[in-house]
Every structure is written in structure tokens, then in C-alpha cells.
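Thank you all for making time this morning. I would like to walk you through one structure, and I would ask you to keep it in view while I talk.

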Amino acid sequence: MISVILLNYNSSRFTLNCVDSIIEKTQSADYEVVVVDNNSAPDDFSALLPLAQLPRLTLVQSRLNLGFAGGLMLGVQHANPRADFYYFLNNDTLLRTDVLAQLSDFLNQNPGAGLCGAQMFDGDGRQQQSFFYLPTVTSKLLGHGVARLFRPGAYPSAKQTYTKPVPVPVIAGSTLFCRATAFNTVGGFDTAHFLYYEEESLSKQFALAGWSAWFVPQAEFTHFTGQSTRYNFDVEKEYYISIFHYFRRFHSWPERALFRLYYTIKNAKKLFRDPIFGRLAWFILRGSPMNESLRYRQTVR
């Protein structure tokens with residue numbers, strides 16, 4: 001059993017199309033779909049109501065915006081507790097192949113793998129990077145090319161076209177296919193991440209528990225990026241709140257100090273391009289305090 005979990009936030013048109021693609025492309029896998037509405041506007045949630053009539057589909061309405069990780073964990077609570085796999089799929093995606101069967105078959109055949117993902121394409125059909133790297137001081141200060149010289153296995157080339165599955169550090173958050181036993185053992189998503197860095201944190205948790213992550217290029221999906229997020233100063237701040245929460249959890253204080261210096265200088269250098277970068281540099285220098293997160297501005301509908 002595969003539990004596909006989608007999160008909707010004022011983007012019902014994409015959610016409806018995504019569900020249609022799951023139904024169309026899934027040929028034989030035993031699955032259910034859980035759609036969590038993360039406190040969208042009433043009209044947007046109303047557009048989702050026909051989904052509640054579909055077999056295999058559960059529609060959940062949250063009266064509070066729980067953020068990305070929190071919304072997905074709410075979906076887990078409404079998923080079948082006997083599910084073998086969880087598939088966390090962005091709602092602004094369309095499946096191109098029978099992804100559920102391909103990824104579940106891969107995990108069934110590779111018992112040491114806990115997490116895998118598919119090949120991403122953009123809306124114009126162009127192949128996109130589908131895996132990423134965990135941040136290190138070496139990679140930030142010297143670049144991924146130099147870091148690859150010291151740890152080639154941790155930095156597989158993102159520019160290469162792969163025809164066979166390959167182990168990778170981080171699967172793109174738009175297509176996280178997880179072994180349920182591994183996901184449950186590590187505690188699932190760290191809900192302190194409101195908007196960013198959920199996939200890096202989850203991949204790190206899996207790696208520390210001994211589970212590997214894999215990119216499976218035969219499985220394909222389209223991702224219409226950035227449909228649910230409006231970029232502004234508060235959203236940019238949220239990125240640094242999340243990344244420094246990750247650093248506090250998984251890195252030593254000397255490393256955190258170097259990361260803070262790196263990101264402060266990186267933003268300060270762009271001050272004359274836009275004043276927002278100066279504000280971000282000061283925010284990072286202040287410690288990217290968690291109490292300024294958007295999570296603390298949410299109201300119950």
C-alpha cells in the first residue's frame with residue numbers, strides 16, 4: 001500500500017490536475033491519496049470538495065497553516081497506518097510515468113534504501129536537477145567541485161544524465177518516496193521547518209539511521225515550480241530560519257559560525273543590487289531567530 005500525500009495551499013487547480021495524473025498513470029499499484037488543505041482561502045478549498053467523492057482519496061482541511069512539514073505530517077496521521085510507503089508529492093506536479101509502481105518496486109528490490117525520487121522535468125519538458133547535496137563548510141566555501149575531490153560519493157554530478165539508479169545525498173522535496181518503516185523510525189519530518197529545508201533534514205535523519213537515498217531516473221514527473229509561494233522579505237527570512245535550524249541540529253558551533261559568516265557576506269555583497277539583501281545580512285548576523293518565523297503569524301480559521 002502506497003499513501004500519496006499532497007499539500008494544497010491556495011493552488012487547487014494544480015492539486016486537481018495532480019490527482020488526475022496519479023489516477024491516469026498508476027496502473028497496478030495499491031494506493032490511496034491524502035490531500036491536506038493547509039488553511040487555504042474558502043473558495044480555494046471549495047474547489048477541492050469534489051475530490052472527497054473519489055475512491056481511495058481522503059480530503060483533510062486544516063484550520064491552521066501548519067507549514068510544509070507540519071501539513072505533510074497531518075497527512076501522515078490520516079494515511080493508512082498499514083501503508084508500506086509514503087509518497088510526498090508536490091501538488092504542482094504531474095506524473096509522466098507509472099511513478100508509484102517504479103519507485104515502490106525499487107525500494108522492494110533494495111532493502112537498504114529508505115528514500116528515493118524520480119526525474120524532474122519543467123513545464124516545457126526540460127530535464128531538471130532532481131537531487132541535491134547536504135551543506136558542508138567545504139562545499140560552501142570552496143564549491144561542490146572541490147568538495148567532490150575529497151568525497152566523490154557525497155557529490156554525484158548533477159549535470160550528468162543518468163540511465164540507472166544512483167545513490168544521492170538529498171532527493172528533491174517535490175518527489176519524496178519513503179519506506180514507511182524508516183520514516184516512522186526517524187520520526188518523520190522535523191516540523192520546526194515551516195517552509196524550507198525539509199528534504200535536507202529528512203535525508204540527513206535517514207542517513208544517520210543507516211538508510212540510503214536513491215535517484216531513480218526511469219520514473220518521471222513534471223514540476224511547475226513555485227506555484228504556492230510568493231517571494232518577499234518574510235519568505236526569504238524563512239529560508240535562513242530553516243537552514244540555521246538545520247545547522248543547529250546537525251553541525252558543531254564552529255561550523256555554524258562559519259556558515260553564518262558565509263551567508264552574511266553573501267547577502268551583504270548584493271546590498272547595492274537590492275536593499276533586501278542588506279536586511280537579510282543583518283537578520284543572519286542576528287542569528288536568524290526562530291521566533292520571527294511565519295509560523296507565529298498564523299491564525300485559526
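I will go through aromatic pairs, a helix and its packing, one serine, the cysteines, and finally two charges placed over rings.

Please bear in mind throughout that what you see is a predicted model.

Let me begin with the aromatic residues, where the structure holds 25 aromatic pairs. Take Y197 and Y239, whose ring centres are 6.1 Å apart with the planes at 75 degrees, and since an angle over 60 degrees counts as edge-to-face, that is how this pair is classed. Which parts of the chain does this pair tie together? Y197 lies in the loop between α7, residues 180–186, and α8, while Y239 lies in helix α9, so the contact ties together parts that are 42 residues apart in sequence. The two partners also differ in their surroundings, in that Y197 is buried, at a relative accessible area of 8%, whereas Y239, at 24%, counts as partly exposed.

A second pair, Y246 with F250, has its ring centres 5.0 Å apart and its planes at 55 degrees, so the pair is tilted. Here both residues lie in helix α9, four residues apart, which is about one turn of the helix. Y246 is buried, with 1% relative accessible area, and F250 is buried as well, although its value is 19%, and the cut-off for buried is under 20%. These residues belong to a wider arrangement, because ring pairs link Y196, Y197, Y239, Y240, F244, Y246, F247, F250, F259, Y262 and Y263 into a cluster.

Two members of that cluster, F259 and Y263, bring us to helix α10, where they are among the buried residues, together with T264 and N267. Seen down the axis of α10, the buried residues fall within an arc of 130 degrees, so they line one face of the helix. What does that set of buried residues pack against? The partners are α5 (137–142), α9 (233–250) and α11 (275–285). As for its geometry, α10 covers residues 253–268, 16 residues in total, and reaches 22 Å from its first C-alpha to its last, close to the 22 Å expected at 1.5 Å a residue.

I turn next to S201, which is found in helix α8, residues 198–208. Is S201 buried or exposed? At 1% relative accessibility, S201 counts as buried. Leaving aside residues up to four places away in sequence, S201 touches D190, H193, Y246, R249 and F250, so that the list includes both rings of the tilted pair I described a moment ago.

Now to the cysteines, where a search of the whole structure finds zero disulfides. C116 is in no disulfide, and the nearest cysteine sulfur, that of C178, is 8.3 Å away. Why is there no bond between C178 and C116? The separation of their sulfurs is too far for a bond, given that a disulfide requires the two sulfur atoms to lie within 2.5 Å. Both residues are buried, C116 with a relative accessible area of 0% and C178 likewise at 0%.

I will finish with the charges over rings. The charged end of R96 sits over the ring of F121, 3.8 Å from its centre, and the charged end of R279 sits over the ring of F233, 3.7 Å from its centre.

Conventions: Residues numbered from 1 in each chain as written. Predicted model: local features only at pLDDT ≥ 70, side-chain atom pairs only at ≥ 80, totals over all residues. Heavy atoms only, no water. Helix = DSSP H or I, 4+ residues; strand = E, 2+ residues; numbered from the N terminus. Buried < 20%, exposed > 50% of the residue type's maximum accessible area, 1.4 Å probe, protein only. Contact = heavy atoms within 4.5 Å. Expected span 1.5 Å × (residues − 1). Arc of directions from axis to C-beta. Phe/Tyr/Trp six-rings, centres within 6.5 Å; stacked < 30°, edge-to-face > 60°. Lys NZ or Arg CZ within 6 Å of the ring centre and 35° of its normal.
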